[in-house]
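Got the viewer open? Let's walk through this one a selection at a time, starting at the ligand and then zooming out.

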Amino acid sequence: MTCIHEIAYESLPMRVRLRDGALADLPDELAYLGLSRPLILSTPGQAHLAHRVEQLLDGNAAGVFTEARMHVPVEIAERAVKLAQQVGADSYLAVGGGSTIGLGKAIALKSPLPIIAVPTTYAGSEMTPIWGLTEDGRKRTGRDRRVLPRSVVYDPQLTTDLPTDISVTSGLNAIAHAVEALYAPDASPIISLMAGRGIALFASTLPALVKSPSDADARRSALEAAWLCGACLGATTMGLHHKLCHVLGGTFDLPHAATHAAVLPYVAQFNLPWAPDAEQVVAHALKASDAATALFDLTSELGAPQNLAELGITLSDVDTIVTEVLAVPYANPRPVDETNLRELVESAINGRRPNP
Ligand code: NAD
């Protein structure tokens, strides 16, 4: 392991609770934070959960808004802001995956109030100050401390009905946060420890969840891993992998988590030889001698998409992808140019197992 010459690290101020049945702690958590009238948010598919929380708060919820959608369309955020103001909400209580927590952040950006997040996937948005908003087909993202949740309540029991395919891709999405945090320009020893444990936990829990989706121990460990990997995303600057997935999601409308799953082994093969310390942490976490191959084998074992062709991308899309990825500079351990990026995108479409 090489000696670190320079560290700049700032911890993010937030509270985390994790236990089976932690949903029941919400009234206490709100009281601790001095909040009493949250607007509860969910997707339409998780409206039953939003109403369960409303009952739990025993008449104290300001309202329930169940229209959260992937990538936060601006008109939905505007409707939620209007409702929050009409009902006199003093906070936003987001119950669901990255889409619901993303709605909480988007409305907090327009009308700042504290957010309490109850995550039910492994995407990790609850641990970051990153917001996203889609207007006229274009998704804008940014960082703003006002959208960082004040408190996160992880209840593994809420994830037992998370479908296996979403569990898997969402977990691989989280692993991608940890991998890129390890070679980020603002990487730090604390974040590397979190990344290593997060990846190792997912490497053991995701196969267990595929075999037995209601395995309580695996669900609990997977949420712990989601917390750690989400914290990695919140604390560091992401590189080529996240840039590529952003372009693929935005321009080709690919599903967020599945795209991360399909791309990760190829970017790992591209970048990790240029970041030997990161490569060592990932390989150790996966109990393997070669990190990129081990990531490919993990996606294969889990039945996740293994290449971009499976998601409908063809070689005729390469020019567009390369042009868009190169349009804005971003941090990356390996210098990226048109030639090596083209090779990377083609290999991610063709989907051959990386060579150790
Ligand atoms: P999601 O929130 O879109 O959820 C996917 C589907 O699963 C939804 O229909 C949801 O209702 C359902 N679902 C969620 N939890 C469930 C459960 N326990 N049981 C049954 N169904 C459940 O998916 P996601 O992958 O969590 O989030 C993706 C979005 O989050 C993207 O828009 C992405 O850009 C964003 N994101 C943002 C950040 C950030 O830091 N800002 C980080 C990661 C992801």
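Select Gln46 along with the ligand: an N or O atom in the Gln46 side chain lies 3.2 Å from a ligand nitrogen. Keep in mind as you click around that this is a predicted model.

Add Ser125 next. Its side chain also has an N or O atom facing a nitrogen of the ligand, here at 3.5 Å. Then pick Thr128, where the partner is a ligand oxygen and the distance to a side-chain N or O atom is 2.6 Å. Now put a surface on the protein: of the 860 Å² of accessible area the ligand has on its own, 84% is covered by the protein.

Time to show the whole shell. The ligand has 23 residues around it, and Thr43, Ser99, Thr120, Thr121 and Thr128 come nearest. Color the shell by residue type and you get twelve polar, eight nonpolar and three charged residues. Which helix gives the largest share of that shell? Select residues 98-110: this is helix α4, and it supplies three of the shell residues.

Switch to cartoon and zoom out. You're looking at 13 helices and eight strands. The C-alpha trace spans about 60 × 45 × 40 Å along its principal axes. For 356 residues, a compact globule would have a radius of gyration near 21 Å, and the chain's 20 Å agrees with that.

Last stop, the inside and the outside. Buried residues make up 56% of the 356 in the chain. Turn on the full surface and you have about 15,000 Å² of accessible area, with 52% belonging to carbon and sulfur atoms.

Definitions and conventions: Residues are numbered from 1 along each chain as its sequence is written. This is a predicted model: local features need pLDDT of at least 70, side-chain atom pairs count only at pLDDT 80 or more; totals for chains, interfaces and linings use all residues. Side-chain values use heavy atoms; hydrogens and water are left out. A residue is near a molecule or strand if one of its heavy atoms lies within 4 Å of it. A polar contact is a pair of N or O atoms within 3.5 Å; within protein, one must be able to donate a hydrogen and the other to accept it, and residues adjacent in sequence count only if both atoms are side-chain atoms. Accessible areas come from the Shrake-Rupley method with a 1.4 Å probe; for residues, only the protein chains shown count as cover. Helices (H or I, at least four residues) and strands (E, at least two) are DSSP runs, numbered from the N terminus. Ala, Val, Leu, Ile, Met, Phe, Trp, Tyr, Cys and Pro count as nonpolar, Asp, Glu, Lys and Arg as charged, and the others, Gly among them, as polar. The radius of gyration is taken over C-alpha atoms; the globule rule is 2.2 Å times the number of residues to the power 0.38. Buried means under 20% relative accessible area, exposed over 50%, partly exposed in between (1.4 Å probe, protein chains only).
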